[in-house]
Amino acid sequence: MAGSESSSKMRTKMAFIALLFALFSTGSCSSQVPLVMWSSEGYTLPQLVSPAAGHIISNVQLMAYLNSALGSAPHNMLLFLQDKLSKDDFTRYGGVFGNKQDSVFPNLESALQSSSSPLVLPALSWLGASAVPSLLQEKLGVSPLSVDPDTLEHLRFNASENTLLVINLPYSSGAYLSCQDVLRNNDEVIGKVLSIMKAQSVPYTAIYTGLKPSRVIEEPSLIVQSSMSRSLLQAVVDEVKPPLMFNSTRGPCIMLWAQNLNVSFSDKEWIDLGPSTFASGGSVSTSGSFCNETNSQLVLDYGSSVSPYNPFRLIFSMSQRRYPVSARNWFTLDTVELVFNTLTATYNGSHGIYAPAEYSFHCQNVNNFRNALLVPRAQNATQWRILFTDFQIQGFSILNGTTDFSYASDCAGFFTPGIWMGLITSLLMLLILTYGLHMIMQLRSMDRFDDPKGPSISVPQSE
């Protein structure tokens, strides 16, 4: 008998832990509330197969269980109906992380431990939860009576009659009480009501749930969700405009793209030519451009849109030739010309801007003033500052129908300054380690020792 009683207590002791575990392990949903149901000592609720994680109990399923439960459970029904309730309230304030002393549900935990078969529904449909009072009223055939602990003390119950008592519990984190304090006060109300029922020796069935969830996660519609499902964890990405393409009679032959095409005259404000170059309906014209097997030229004519430098044109001249050493063709950006008013500023780019003929060239920064890839050819060219950001160009071997660049040859060399610093530092440390090991290997221990009782040791100078 004692063993049976001990095992029963052990099972009931795990009830509240099972509640918290079930609530904690169920996936988040936008419109769900938990429901906890138990009966007084000596009464058993019918067993219900635990719902799968993430499954939401519908109104129909709840009604079917209540019909089964109320067939054997006491018909004195206590409905603790909180304004808002979510499983997060249990996981956050129920002491599930080892801080059991901080739990705000000690009375609820004690009630579940004393019940032989409590029911835990972590995810009940929002509509199903709000319909619980009407479901119980229909099943019991009595009208609900809203009471509080003070009123309940003066009532007397008959175990043979059906009773539906509704105890409304608030959920608010106002200016004076935190959410944790409100839940703790609600748990004290639950404990006080259960104590009154126990003092009157009235069997009861209790339900604790909420009218609506306290934490609602917005869910997008199916159409929006299907279009956004693969980019929820990504930052908002700006629209990438397509590259500028010049088409000859034989098809596309020159492609250009840059995040910014900035120019500045005599340290004045930067002028970004990118929007008028790559935006749809831009003001740039490519008239005067041409391409053939060995040479290509892209002319960007901005007309009078770059005031006061009217007219303004940007010209990229490229050529390709075969190098026997590499056994392949290479193209170079020979010159970049700024034609403004009646003057021309020319920059040589062949020393740093080159790539295999079937590749494109890419560089994060192309400029003429710091680590310059564009070298001025004349004095007037030094008056201009050029800065192309995320610059990419291809003047040969463009396939028909393509809208993308070929494989890019980047301007960043393999041995960057950071790599050189790492290699030199590692070599220096290796030399120090080698020298230290060599010195340790040269240490010689003493192989002769002086005996104070014998003759002194004579060590020849040669040794």
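## Buried or exposed?

A residue counts as buried when its relative accessible area is under 20%, and as exposed when that value is over 50%. Keep those cut-offs in mind while you look around this structure, which is a predicted model.

## The whole protein

Let's start with the big picture. The protein has 463 residues, and 39% of them are buried. Its chain forms 12 helices and 20 strands.

What about contacts along the chain? Take those with a separation of 6 or more: 68% of them join residues that sit 24 or more positions apart. As for the outside, the accessible surface adds up to about 26,800 Å², and carbon and sulfur atoms hold 56% of it.

## A greasy spot on the surface

Now find Leu427, Leu430, Leu431, Leu433, Leu437, Ile440 and Leu443: together they make a nonpolar patch on the surface, with about 740 Å² of accessible area.

Where does leucine 443 lie? Its place is in the segment after helix 12, the helix that covers 417–441. Leucine 443 has 67% relative accessibility, so it counts as exposed, given that the cut-off is over 50%.

## Three strands side by side

Next, pick out strand 11 (residues 290–291) and strand 12 (residues 295–303), which pair in the antiparallel sense over two bridges. Three residues make up the hairpin that joins strand 11 to strand 12. Phenylalanine 290 has glutamine 297, in strand 12, as its bridge partner.

Strand 12 also pairs with strand 13 (residues 312–323), again in the antiparallel sense, over eight bridges. Here glycine 303 is matched with phenylalanine 312 of strand 13 as its bridge partner.

Note on methods. Residues numbered from 1 in each chain as written. Predicted model: local features only at pLDDT ≥ 70, side-chain atom pairs only at ≥ 80, totals over all residues. Heavy atoms only, no water. Helix = DSSP H or I, 4+ residues; strand = E, 2+ residues; numbered from the N terminus. Buried < 20%, exposed > 50% of the residue type's maximum accessible area, 1.4 Å probe, protein only. Contact = heavy atoms within 4.5 Å. Areas by Shrake-Rupley, 256 points an atom, 1.4 Å probe, with all protein chains shown as cover. Patch = residues over 30% accessible without salt bridge, like charges linked within 9 Å, V, L, I, M, F, W, Y side chains within 5 Å. Salt bridge = Lys/Arg side-chain N within 4 Å of Asp/Glu carboxyl O. Pairing = 2+ DSSP bridges.
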